[in-house]
Each structure stands twice: as C-alpha cells, then as structure tokens.
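Thank you all for coming. I would like to walk through one model with you this morning, going from its side-chain pairs to its strands and loops, and I will explain each term as it comes up.

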Amino acid sequence: MITRWWFVLLAAARFTNAVNSCKTPNGIGECKPIPDCPPLHSIFNQKPLTPAKADFLRNHSCGFQGSIPKVCCVVSAELVEPNSLLPDPSSCGHLIDAKIIGGKQTAIDEFPWMALLEYQHANGSRYFHCGGALISKRYVLTAAHCVNKKLISVRLGEHDTASDKDCFASGGEDCAPPPLDVVINEKIVHEKFINNRPYYNDIALLRLRHEVPFSPFVGPICLPSSEEFSRNYTGERLFVAGWGITEKNMASTVKLKVQVPVQESSFCETTYRRFHFDVTLMDTQLCVGGEKGKDACYGDSGGPLMATRVDGRKIRRYYAAGVVSFGVSCGSPGWGAVYTKLGGYVPWIISKLRP
C-alpha cells in the first residue's frame, strides 16, 4: 500500500526539476530514485514516518522517475535524519596530546574506540583475535573475515589484557575502570564480501546486546565525511593500533600504535605478484605500509586505519579511513598490507543501523 507520505514526497518531486547533480545543506549530491539512496530510503522505510522525517525527505526531493520520487542523495555520514543513531560529530574521534610491528604503547585513554573481538573454543575457553572500532553506542565496525560462528563478544575500554587494573603512569590510584565485555546479538557482513584474497568488501558491523556508556576510556571514532570519500590518502601517514603480533612474534598484551604510509595500489600488486599472489586491488581498497618494522599484523585485522580532520570548531579529530584486511609479510620492507577503504561504505553502514 502506498502511504500518504509517499504522495507528499511525490507531489514535492513533481514541482522540482530532475537533474543529475543537486545540492543540499549536507553537500553536493546526485539526483536519483529514492530506492537507490540507502540513507534516505532507510528513513523512508521507518514506521511510523513522522512529520519531521517526512519534511526531511521532502527537502531532498529533486524530481521523479515515473511514479518513483527522486531525491538528492549525498553519500555522507551527515545524511541521516535528526536524532541520528550515529554520535554527534563533536563527540567522536577524541584526540589526545608487539601485532603492531614497530609500535609504541598508547596512553590508557588513547583511541577509546578500539575493540577486541572475543571468540570461544569448542571446549568453552575464550580468546581474543581480531580488532574493531566502536562507531556508536550500539555498533562496532570490523572486517568481514573476522566474523564467524565462534565470535561471541566485544571488549571495550581495554589497555593491557594482562592487567586487572590499568593505571596512568603518573602513579597513585588514578586508574581506568574495568573494561566492558558486551555480547554480540547480530553480525552484519557485507552482502558482496569475497572470502578469499583479495577479500573484496571486507567489512562488517557487530550490533551489541545493549548500548554502552561513553567515557574517557570508551568512545566512538568518527566516520568519513563526504569531503573525504574521494580522498585516496596516497603519500600520507596514518595511524593503526591494536594488540596483534609484534616484531618479537608474540601477541602484545598492551594496546600499541604506529604510523604507516599509504602507497599506490600498484605497490602491493607488483610485490604480491612477484611472489605468485595474484592480487588486483579495487578503488575500495588501500595499500598501506611497506616500511621495515612498522605494520599491522595477525590479530589486528578489523581494526581501524585512522586519519585526522579539523572540525568546524577547529578541533582535530580521528576518523576511520580504512579497516585492516590482509597482508602477507608483517613489517617486511617492500610488503604493503591491504585495507578496506571506508568512505564508499558509509551509506551501507548507515543503512544497517537501527535503535
């Protein structure tokens, strides 16, 4: 049955010229049928469709295709209805003044979005393997290849897995609260994930059983904005963090960080093919690393590749530019690792979120 709100949107569309490009307060977009714009289509499908949401959709109308309204679709994390399920841009990506090869220890309140994924053996024992990044009070972003039947929960607010209490180096009893272990109640793997090298569409979301409270030790990372979707990062040095294998071939108990260079895709493709790994990267992937002793490694998969931007209040914040996907030789010179480039997946992420 066609709802009355569809008629409202259609009526608005009939008085709007259909164009290929369009503009909204959120930026330059493309005029397309509403089913082809996941962020807006997900709003339309929410029931009940409140007057405020109907106004939001109507303000994005730009024409029609037959009986189907067209909307100005800006593929951006900002293109969501009021009261978004994503955190306010002013509350994400907080920046403060061993599987990470050549890494340095982080402060205990640094990168508060970093997550450890917990798995369960057949005998009931548990272990950590992949990483992830908290993007809201209810969702963790990770790699699709990290998601399997053994994945059961997420740990947030951790610094040193070998310590029951993480305290600031200044001494005394200025310590972080215990980490949060939250059960996963839904695993959302990208529908077009290819589960073998080169792992195309290697991205997934984990919906937590309950919302987690934000604190200085648990908080979300920002997602890319529309301005960052076309940024290729080549030549830039970005951050990666985690608890994976170190240069001593042992898993780190402490969260580590390292800066790694983003390379041209051909850097990874040429090296891999030289050693009989036939890899062709898509524009949704990044080639990162290649420096001796500085890399993400086994156990860091699913963790974020982090870039920074300055917000409207001149505050520098981290956002997730990529997700650790796969590599061949951790920390060896000339060997880059492959990351999922996150910008193009923001509409997919938004379309999967729910309260």
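**Salt bridges, strands and loops**

Let me begin with Arg-273, which is partly exposed because its relative accessible area is 40%, where buried means under 20% relative accessible area, exposed means over 50%, and partly exposed is in between, all with a 1.4 Å probe and protein chains only. Before I go on, please keep in mind that this is a predicted model, in which local features need pLDDT of at least 70 and side-chain atom pairs count only at pLDDT 80 or more, while totals for chains, interfaces and linings use all residues. Residues are numbered from 1 along each chain as its sequence is written, and side-chain values use heavy atoms, with hydrogens and water left out.

Arg-273 forms a salt bridge with Asp-278, and the closest N and O atoms of that pair are 3.4 Å apart; the term stands for a side-chain nitrogen of Lys or Arg within 4 Å of a carboxyl oxygen of Asp or Glu. Asp-278 itself is exposed, with a relative accessible area of 64%. Elsewhere, Arg-155, Glu-158 and Asp-181 are joined into one network by salt bridges that share partners.

How many salt bridges does a search of the whole structure find? The search finds 11, and one of them is formed by Arg-309 with Glu-228, with 2.7 Å between the closest N and O atoms. Arg-309 lies in strand S15, residues 304–310, and Glu-228 in the loop between S11 and strand S12, residues 237–242, so this pair ties together parts that are 81 residues apart in sequence. Helices (H or I, at least four residues) and strands (E, at least two) are DSSP runs, numbered from the N terminus. Arg-309 counts as buried at 18% relative accessibility, and Glu-228 counts as buried at 6%. A further salt bridge brings together the side chains of Glu-236 and Arg-231, at 2.6 Å from N to O; here Glu-236 counts as partly exposed at 25% relative accessibility, and Arg-231 counts as partly exposed at 25% as well.

Staying with Arg-309 for a moment, I would point you to Ile-315, which has its place in the loop between S15 and S16 and is partly exposed, with a relative accessible area of 33%. If we leave aside its neighbours within four places in sequence, Ile-315 is in contact, meaning heavy atoms within 4.5 Å, with Arg-309 and Val-310.

Now to helix H4, residues 265–274, where Cys-268, Glu-269, Thr-271 and Tyr-272 are buried. What do the buried residues of H4 pack against? They pack against strand S14 (285–289), strand S16 (316–326) and strand S17 (336–341). Just after H4, His-276 takes a positive phi of about 70 degrees.

Turning to the aromatic rings, the structure holds nine aromatic pairs, where rings of Phe, Tyr and Trp (its six-membered ring) pair if their centres lie within 6.5 Å, and planes under 30 degrees apart count as stacked, over 60 as edge-to-face and the rest as tilted. The rings of Trp-113 and Tyr-318 have their centres 5.7 Å apart and their planes at 65 degrees, so this pair is edge-to-face. Trp-113 lies in the loop between strand S5 (104–105) and strand S6 (114–120), whereas Tyr-318 lies in strand S16, so the pair ties together parts that are 205 residues apart in sequence. Both Trp-113 and Tyr-318 are buried, and ring pairs link them with Phe-111 and Phe-239 into a cluster.

As for the strands, six of them close into a barrel in the order S6-S7-S8-S11-S10-S9, with antiparallel pairing; two strands pair if DSSP finds at least two bridges between them. Within that barrel, S10 (residues 180–189) and S11 (residues 204–208) pair in the antiparallel sense over five bridges, and Ile-188 stands opposite Leu-205 in S11.

I will finish with the loop between S10 and S11, where Pro-198 lies. A cis peptide bond, with omega about 15 degrees, joins Arg-197 and Pro-198. Tyr-199 lies in the loop between S10 and S11 too and has a positive phi of about 50 degrees although it is not a glycine. Asn-201, with its place in that loop, has a positive phi of about 60 degrees, again without being a glycine, and Asn-201 is buried, with a relative accessible area of 15%.
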